[in-house]
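Trainee: I would like to go through this structure step by step. Please show it first, and then I will ask about its parts.

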Amino acid sequence: MRASRVSAGYGAKVAIAEDGRFGGTCVNVGCIPKKLFSYAAHFREDFEIARGYGWTVGEPRFDWPTLLKNKDREIARLNAVYESVLVKAGVEIHRSRATVKGPHEVEIAGRVKTAKHILVATGSWPVLPPIPGIEHAITSNEAFALERLPRRAIVVGAGYIALEFASIFQGLGVETTLTYRGKRLLRGFDAEIGTRIAEEMAAKGVAICFGCEPAAIRRKQEIEIEFTDGSLRHTDLVMFATGRRPNTAQLGLESAGVKLAADGAVMVNAYSASSVPSIHAVGDVTNRINLTPVATAEAMWLARTLFRGEPTPVDHENVPTAVFANPNVATVGLSEEKARERHGEVDIYQASFRSLKLTMTEKTERTFMKLVVDRASQRVVGAHMIGADAGEVIQGVAIAVKLGATKQQFDQTIGIHPTAAEEFVTLREPSK
Ligand SMILES: Cc1cc2nc3c(=O)[nH]c(=O)nc-3n(C[C@H](O)[C@H](O)[C@H](O)COP(=O)(O)OP(=O)(O)OC[C@H]3O[C@@H](n4cnc5c(N)ncnc54)[C@H](O)[C@@H]3O)c2cc1C
């Protein structure tokens with residue numbers, strides 16, 4: 001969508017083929033409905049917090065069909081907005097699946113179209129492990145359209161989608177278990193973040209089982225999951241969030257000469273060009289950093305390269321990201337572990353505290369903030385947070401990290417009081 005609109009804006013003649021709904025994964029079965037569900041789930045705690053502030057609220061009741069209906073209405077509105085944006089940009093729209101036939105040929109609904117450039121932006125799809133009974137499991141795709149909310153759910157995985165859905169289910173009143181074959185959540189994030197988010201989620205009532213790998217699923221009156229250690233768990237819904245695979249199956253890419261990686265990703269260079277110079281790829285299908293703003297940035301860099309005469313390589317340094325679990329997690333730059341690998345000596349500044357909002361309640365949630373500083377240059381190379389609105393806070397901090405700000409420059413910045421975010425500019429003594 002973004003590549004089409006921006007390229008058309010630069011004067012290119014553009015056609016797009018989409019066999020699903022406009023907006024792709026993010027709008028239909030990703031970021032947007034996920035965040036709406038996450039807001040819905042958070043109200044449970046908000047009602048409890050309100051009591052500490054003198055509010056009396058009756059017994060809160062939650063109605064899943066209302067949430068689903070309102071979510072679907074909002075997504076349908078966004079689908080229409082996206083389509084009209086393309087129409088206004090003068091993009092020729094084909095509501096059909098496309099396959100690549102050659103370096104300059106694409107087949108859409110039985111007709112072959114030719115183009116100087118072809119862009120593959122077909123995204124990714126959830127993968128399920130080939131264990132017996134896997135047909136009884138769902139993925140995030142189905143989670144957005146469940147007819148009814150289960151009484152119990154088991155979410156399998158430890159990445160951001162698993163944590164977000166575990167928090168969503170738990171917040172909406174579902175007895176939730178998160179199972180993971182490894183020992184720490186959020187692989188690739190700062191290790192302390194992985195450990196602490198598990199503690200926070202567990203304190204909120206998500207049962208977490210580490211070292212638990214499903215071996216078989218059986219559907220009886222309820223769902224029975226057998227784990228590799230022989231143990232059994234029973235549930236009403238099992239959702240796998242154990243990874244996604246680039247959408248390149250039967251797309252005709254290999255026969256057109258496009259090289260794919262072992263996981264099916266289109267292999268591209270820094271300008272998102274594949275092994276066939278006229279075929280480019282951006283977004284999840286390249287399996288670089290699978291986030292919406294990264295996909296749209298790659299699309300805009302490519303449009304600039306091809307149609308504005310400004311060759312622009314991708315820039316994947318210091319991409320901020322959030323996990324909308326409860327509590328939220330957000331991060332930019334290097335984890336402590338990666339920073340030690342890259343820079344050797346680092347200074348760690350951190351704080352853990354109960355946020356002001358919770359002090360008049362019985363909530364024990366702790367906000368956690370951490371800065372990773374390269375000792376030699378004193379540049380802040382990583383910022384990490386667990387706590388309310390962590391994504392909103394880290395987005396601002398990400399600008400400073402991207403610009404190479406030093407710890408001293410963080411210290412020179414006046415805080416906004418009283419906020420949690422001010423901690424990032426008042427961390428005085430290194431803890432490590
Ligand atoms: C549950 C979930 C939550 C997420 N939350 C976040 C978040 O909070 N923040 C964030 O930044 N990212 C999030 N993501 C990731 C984000 O959704 C993706 O990184 C982003 O959508 C990638 O964009 P894309 O354009 O590469 O692919 P997609 O958005 O997947 O778009 C690909 C499009 O191509 C179409 N298509 C595929 N094959 C063909 C074909 N042969 N012919 C025609 N059309 C075809 C598909 O129908 C689809 O519309 C989330 C993802 C999931 C699954």
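**Ligand, sheets and unusual residues**

Mentor: Keep in mind that this is a predicted model. One place to begin is Leu-291, where a backbone N or O atom lies 3.3 Å from an oxygen atom of the ligand.

Trainee: How far is an oxygen atom of the ligand from an N or O atom in the side chain of Glu-18?

Mentor: Glu-18 is among the residues that come nearest to the ligand, along with Thr-25, Lys-34, Ala-98 and Asp-284. Its contact with the ligand is through the side chain, whereas Thr-292 has a polar backbone atom 3.0 Å from a ligand oxygen. For the side chain of Glu-18, the distance is 2.6 Å.

Trainee: What share of the ligand's exposed area does the protein bury?

Mentor: Start from the ligand taken alone, which exposes 1,000 Å². The part of that area buried by the protein is 88%.

Trainee: Which element gives the most residues to the shell around the ligand?

Mentor: The shell holds 30 residues, which divide into 13 nonpolar, 11 polar and 6 charged. Elements that give two or more residues are α2 (24-29), α3 (31-52), α6 (160-171) and α8 (292-307). The element that gives the most, with 4 residues, is α2.

Trainee: Now the sheets. Which are the edge strands of the open sheet with 4 strands?

Mentor: The strand order is β10-β9-β8-β14, and the pairing is parallel. An edge strand here pairs on one side only. The strands that do so are β10 (207-210) and β14 (238-240).

Trainee: By how many degrees are neighbouring strands of this sheet turned against each other on average?

Mentor: The average is taken over neighbouring strands in this sheet, with direction ignored. The value is 20 degrees.

Trainee: Which residue in β14 stands opposite Val-155?

Mentor: Strand β8 (residues 152-156) and β14 run parallel and are joined by 3 bridges. Opposite Val-155 in β14 stands Met-239.

Trainee: What angle does the direction of α6 make with that of β9?

Mentor: α6 is one of the elements that give residues to the ligand shell. This helix also packs on the sheet, touching β8, β9 (175-180) and β14. Its direction and that of β9 make an angle of about 165 degrees.

Trainee: In the sheet β11-β12-β13, why is one side of β11 and of β13 left without a neighbour?

Mentor: This open sheet has 3 strands, and its pairing is antiparallel. β11 (214-219) and β13 (232-235) stand at the edges, so the reason is that each has a single partner strand.

Trainee: Which residue in β12 is the bridge partner of Ala-216?

Mentor: β11 and strand β12 (residues 223-227) run antiparallel, with 5 bridges joining them. The bridge partner of Ala-216 in β12 is Glu-226.

Trainee: Last, the backbone. What is omega for the cis peptide bond that joins His-417 and Pro-418?

Mentor: A cis peptide bond also joins Asn-326 and Pro-327, with omega about 0 degrees. Pro-327 lies in the loop between β17 (321-323) and β18 (329-333), whereas Pro-418 is in the segment after α11 (407-412). For the bond between His-417 and Pro-418, omega is about -10 degrees.

Trainee: Where does Leu-186 lie?

Mentor: Leu-186 is not a glycine, although it has a positive phi of about 55 degrees. Its place is the loop between β9 and α7 (191-203).

Definitions and conventions
Residues numbered from 1 in each chain as written. Predicted model: local features only at pLDDT ≥ 70, side-chain atom pairs only at ≥ 80, totals over all residues. Heavy atoms only, no water. Near = heavy atom within 4 Å. Polar contact = N/O pair within 3.5 Å; in protein donor to acceptor, adjacent residues only side chain to side chain. Areas by Shrake-Rupley, 256 points an atom, 1.4 Å probe, with all protein chains shown as cover. Nonpolar A, V, L, I, M, F, W, Y, C, P; charged D, E, K, R; others polar. Pairing = 2+ DSSP bridges. Axes fitted to C-alpha atoms, helices over the stretch in contact; angles between N-to-C directions. Contact = heavy atoms within 4.5 Å.
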